[in-house]
Amino acid sequence: MGLGFDGFSSGATDVRRAIVIAFDRAGGDMAVRAAAHGGVQVVATITGDDVVAAALDGIAHADLHLIETAGAGADLLDTVLPVLRERAVRDRARMIVAFGAEQIDTVTLHLLGGPADLLCDAGLSDRVAAIALGRAAAAGVRERDPDSERLRRLNEEVARIAEVLARLARGEGDAGGSVRDRSKDYAAPPPAGVMGTVTAAEVRGAIRARRLRGQYLPAELFADPAWDMLLDLFAAWLERTQVSVSSLCIAAAVPPTTALRWIGMLVDAGLVERRDDPADRRRAFIVLTARAVAGMNGYAGAVASAGLGWA
């Protein structure tokens, strides 16, 4: 019985079944290597022109769908990704999707918020880690895995932010109270000429001030992607502008894969939602929910009343 790259036993008792779906040979080879290191059994490999809906019908059930999008254009991804997502939902399988930064908006249009772990510009170790987390969960040892413990803490932090914003939206200043229903109701931009408790220029100034820290102190000490994204989206709401997924990943100031994970958690927390662009079916935006806007406005008003720097 050997050990995979992740340190888990690769014995038959916990080996999971995987399908590799790649649009070129290099991507297929990378996925197969990651599967071997991660201790999963590849039961089928689909590459090139065979990556179509008809090819999936004859494949046996697998727990993981390892998808490599390198070499695929937007037209092909628009056709194939919805089919792959439908298949994963049907089989209760987990998708691990590796893609380039130039494909963020196309991939997230179809897969954000679904049964997929999204890996942007990822290396072999990132792929293996994603596979290992899935195996650990299946084996009932997820909480003992350091990576999974980190993700648990991230989820807790997002939940904490959501609760604080919800309290502020209700005008509560103490630590008590419960979070309201997580309905994802879109907040329309403010009417032209109507001023709130904070301006877009002030929010953008706060964002610039946060970025200046990295010029004088180690930037990795200040990673706070959830708040950075909420600030960027709040400024966009005040400016009546739209923010794409790729732009929001840049605003997060963390690696794209990390940013996408945080976006997913903010969606789960009811603070942001995806909205399709009615003028372009290939584009979607991330927007604050009404609850998040109320919370951000409440926070800005509270710190202004206290004479503090609001961000």
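This report describes salt bridges, a covered helix, a surface patch and an internal cavity in a predicted model.

## Salt bridges between α3 and β7

Across the whole structure, a search finds 15 salt bridges. One of them joins arginine 282 to aspartate 75, with the closest N and O atoms 1.7 Å apart. Because arginine 282 lies in strand β7 and aspartate 75 in helix α3 (residues 74–91), the pair ties together parts that are 207 residues apart in sequence.

The two partners are covered to different classes of accessibility: aspartate 75 is exposed, with a relative accessible area of 52%, whereas arginine 282 is partly exposed, at 30%. Both residues also belong to a network of salt bridges that links Asp75, Asp78, Arg281 and Arg282.

## Salt bridges with buried partners

Helix α3 also holds a salt bridge within itself, in which the side chains of aspartate 91 and arginine 87 meet at 2.4 Å, N to O. These two residues are four places apart, about one turn of the helix. An α-helix has 3.6 residues a turn, so residues three or four places apart point the same way. Aspartate 91 is buried, with a relative accessible area of 14%, and arginine 87 also counts as buried, at 8% relative accessibility; both assignments follow because buried means under 20% relative accessible area.

A further salt bridge is formed by glutamate 273 and arginine 275, whose closest N and O atoms are 3.7 Å apart. Here glutamate 273 is buried, with a relative accessible area of 11%, while arginine 275 is partly exposed, with a relative accessible area of 36%.

## Helix α9 and its surroundings

Helix α9, which spans residues 245–252, is mostly covered, since six of its eight residues are buried. The buried residues are Val245, Ser246, Leu248, Cys249, Ala251 and Ala252. They pack against four helices and a strand, namely α4 (104–111), α7 (200–216), α8 (225–239), α10 (256–268) and β7 (280–288). Strand β7 is thus a packing partner of α9 and also the element in which arginine 282 lies.

After α9 comes alanine 253, which has a positive phi, near 60°.

## A nonpolar patch at the surface

Leu212, Tyr216 and Leu217 make a nonpolar surface patch of about 350 Å². Of these residues, tyrosine 216 is found in helix α7, an element against which the buried residues of α9 pack. Tyrosine 216 itself is exposed, with a relative accessible area of 66%; the class follows because exposed means over 50%.

## The internal cavity

The count of cavities of 30 Å³ or more comes to one, and about 40 Å³ of space lies in the largest cavity. Its lining consists of Ala31, Ala34, Leu66, Ile67, Glu68, Ile96, Ala98, Leu119, Arg127 and Ile131.

Seen by element, α1 (25–38), β3 (64–68), β4 (94–99) and α5 (124–139) each supply at least two residues of this lining. The largest share, three residues, comes from β3. Besides the nonpolar side chains, the lining list includes Glu68 and Arg127.

Technical notes. Residues are numbered from 1 along each chain as its sequence is written. This is a predicted model: local features need pLDDT of at least 70, side-chain atom pairs count only at pLDDT 80 or more; totals for chains, interfaces and linings use all residues. Side-chain values use heavy atoms; hydrogens and water are left out. Buried means under 20% relative accessible area, exposed over 50%, partly exposed in between (1.4 Å probe, protein chains only). Contact means heavy atoms within 4.5 Å. Patches are made of residues with over 30% relative accessible area and no salt bridge: like charges are joined within 9 Å, nonpolar side chains (Val, Leu, Ile, Met, Phe, Trp, Tyr) within 5 Å. Accessible areas come from the Shrake-Rupley method with a 1.4 Å probe; for residues, only the protein chains shown count as cover. A salt bridge is a side-chain nitrogen of Lys or Arg within 4 Å of a carboxyl oxygen of Asp or Glu. On a 1 Å grid over the protein atoms alone, a cavity is a set of points where a 1.4 Å probe fits but cannot get out, and a pocket is an open set with protein on both sides within 12 Å along at least five of seven lines; lining residues have an atom within 4 Å of a point. Grid points are joined across faces, edges and corners, and a volume is the space filled by probe spheres set on the points.
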